[in-house]
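Please open the model in a viewer and keep the sequence at hand. The tour below proceeds by selections, each followed by a description of what is found there.

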Amino acid sequence: MSGSILIVDDEKSQREILTMILQGVGYDTAEASGVQEALAMLGKREFDLILTDLKMQGQSGLDLLEQVMADDPQQCVIMMTAHGTVDTAVGAMKRGAFDYLEKPLERENLLLTLKRAFERITLVWENRVLQKRVAEIERIPSIIGEHPKMKEVYRIVTKIAATSSTVLVYGESGTGKELVARAVHDRSPRKDCPFMAINCAAIPETLIESELFGHEKGSFTGANAREIGILEAANGGTVFLDEIGEMNVSMQAKLLRAIQEKEIRRVGGKVNLPLDVRIISATNRDLEQEIKRGTFREDLYYRLNVIRINLPPLRERGSDIATLANFFVAKYREASGIAVEGISKAALKQLMNYTWPGNVRQLESVIERAVLMAEGSIIQPEDLPSEISSLGEGVMVPFELPPEGINFEEMEKALILKAMERADWVIGKAAPILGLSYKTLQYRLDKHGIEKPEKRGR
């Protein structure tokens, strides 16, 4: 036997007998001589079960039951009652008591009732744990996926959404970093305030300060009126800084000050304005490597990286490809009015075998095109783009795999080096050779630490 029991009875001898019996079979017990003493003990520690007499000097067991149930409706309480008060004890069960025992107590009946009570307590506890786990892996409606790596993302989002801590989302282009940022905002106390997003890579360095902080009239050429920035416009809400790794070091220092001091100053302004926003940033770069290169401030990194969420690339969550593909078929069937019902097994196999350098965004684009190109009600391999359909069953690997296997990372690095050399180290020329986008190749160059030969020698 195990479990904790609080014995409440105004008769000392009764308490001592119960304590001896219950401790003798392994229960952890404590004693209280009345309702107030019991409540004081309950305020200091929890008990699995309360065994209380119904009739006591002063307040009764019903008074104790009422106060205990108000605090915790799932607390297990068993009433002990004399023969003449059985009706009252039955009424107590209607108010939430688990059971009642008639005095004088019979040892075997007492232990059997306690055994049943602890079976119920175990079920209640397991249910609470299950509910907590379900809440932690609650799906995010805007994000599709059941892969364990995505469930970990859902768990973190659910757990940290209610806080005001800064969040740094890592992931390749097209993995859904902004969707994660919006999910954090939508589950936070700031959800009724603005969510503002800015892509740091898409705004010229000369304009990003004005975009973030705003400017006063006449502060620079073309500033014909006062404009508030994104940080000021989102006050009380959330600001999402996408591609934070592209921000120049000078601007990083100004952002760091805004986060630390919780205030901003418009370009050309002289007044500091209070700032109350949650910062969520995202990057596909390895910021720790950027710190070593001197292109990213270490102090800003630690300010942004309080909570870290790693979004897996689509190639690492293959079990989600079919789910996502079917979701996009339904989406674009409705949008286009074209009666496409699904994807053939052959076409789905090609989608599953593709590496998806553009991730979910690329998959969505491919399915949208396939819906528009489909000749029938089912998407066939010929409806897919050539770079995907060419991966059919007839395509052969142009070399034999050695019996000892290969190091895929080293092979990828060697292929990238060869393509860069052929393209005279111009990323825009090398990317098509490898079948990658410019940004994906840039990411892989950074990942493998590949630099131009002359740059390496500095």
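In what follows, Ala, Val, Leu, Ile, Met, Phe, Trp, Tyr, Cys and Pro count as nonpolar, Asp, Glu, Lys and Arg as charged, and the others, Gly among them, as polar. The model itself is predicted.

**The cavity**

Begin by selecting E172, S173, N284, P357, N359, K439, T440 and Y443, the residues that line the largest cavity. By class, this lining divides into two nonpolar, four polar and two charged residues. The volume enclosed is about 40 Å³. A search of the whole structure finds one cavity of 30 Å³ or more. Which helix gives the most to the lining of the largest cavity? Select residues 438–448: this is helix α19, which gives the most, with three residues.

**The sheet that begins with β7**

Next, select β7 (195–199) and β14 (307–310), which stand at the edges of a sheet. The sheet is open and has five strands, in the order β7-β10-β13-β6-β14, with parallel pairing. Why is one side of β7 and of β14 left without a neighbour in the sheet? Each of these edge strands has a single partner strand, so one of its sides has no neighbour there. From one strand to the next, the twist averages 20°.

Now display strand β6 (residues 167–170) together with strand β13 (residues 278–283); the two pair in the parallel sense over four bridges. Within this pair, V167 has I280 of β13 as its bridge partner.

**Two helices in contact**

Select helix α6 (residues 148–160) and helix α7 (residues 177–186). At what angle do they pack? The angle is about 35°, and the axes of the two helices are 8 Å apart. The crossing of α6 and α7 is right-handed. To view the contact, show the side chains of V153, V157 and I160 on α6, and of V180, A183 and V184 on α7. The contact comprises six nonpolar residues, with no polar and no charged ones.

**The sheet that begins with β2**

Turn to another open sheet, in which five strands follow the order β2-β1-β3-β4-β5 and the pairing is parallel. Its edge strands are β2 (28–32) and β5, each of which pairs on one side only. Here the twist averages 20° from one strand to the next.

Select strand β1 (residues 4–8) beside β2: five bridges join these two strands, which run parallel. I7 stands opposite E31 in β2.

Add helix α2 (residues 35–44), which packs on the sheet and touches β1, β2 and β3 (49–53). The direction of α2 makes about 135° with that of β2. Then add helix α4 (residues 86–94), which also packs on the sheet, touching β4 (76–81) and β5. The direction of α4 makes about 160° with that of β5.

**Two details of the backbone**

Select K103 and P104, which are joined by a cis peptide bond with omega about -5°. P104 lies in the loop between β5 (99–102) and α5 (107–136).

Finally, select D424. Where is D424 placed? This residue is in the loop between α17 (408–422) and α18 (427–434). The phi of D424 is near 55°, a positive value in a residue other than glycine.

Notes
Residues are numbered from 1 along each chain as its sequence is written. This is a predicted model: local features need pLDDT of at least 70, side-chain atom pairs count only at pLDDT 80 or more; totals for chains, interfaces and linings use all residues. Side-chain values use heavy atoms; hydrogens and water are left out. Axes are lines fitted to C-alpha atoms, for helices over the stretch in contact, and angles run from 0 to 180 degrees between N-to-C directions. A crossing is left-handed if the near helix is turned anticlockwise from the far one by less than a right angle, and right-handed if clockwise. Contact means heavy atoms within 4.5 Å. Two strands pair if DSSP finds at least two bridges between them. On a 1 Å grid over the protein atoms alone, a cavity is a set of points where a 1.4 Å probe fits but cannot get out, and a pocket is an open set with protein on both sides within 12 Å along at least five of seven lines; lining residues have an atom within 4 Å of a point. Grid points are joined across faces, edges and corners, and a volume is the space filled by probe spheres set on the points.
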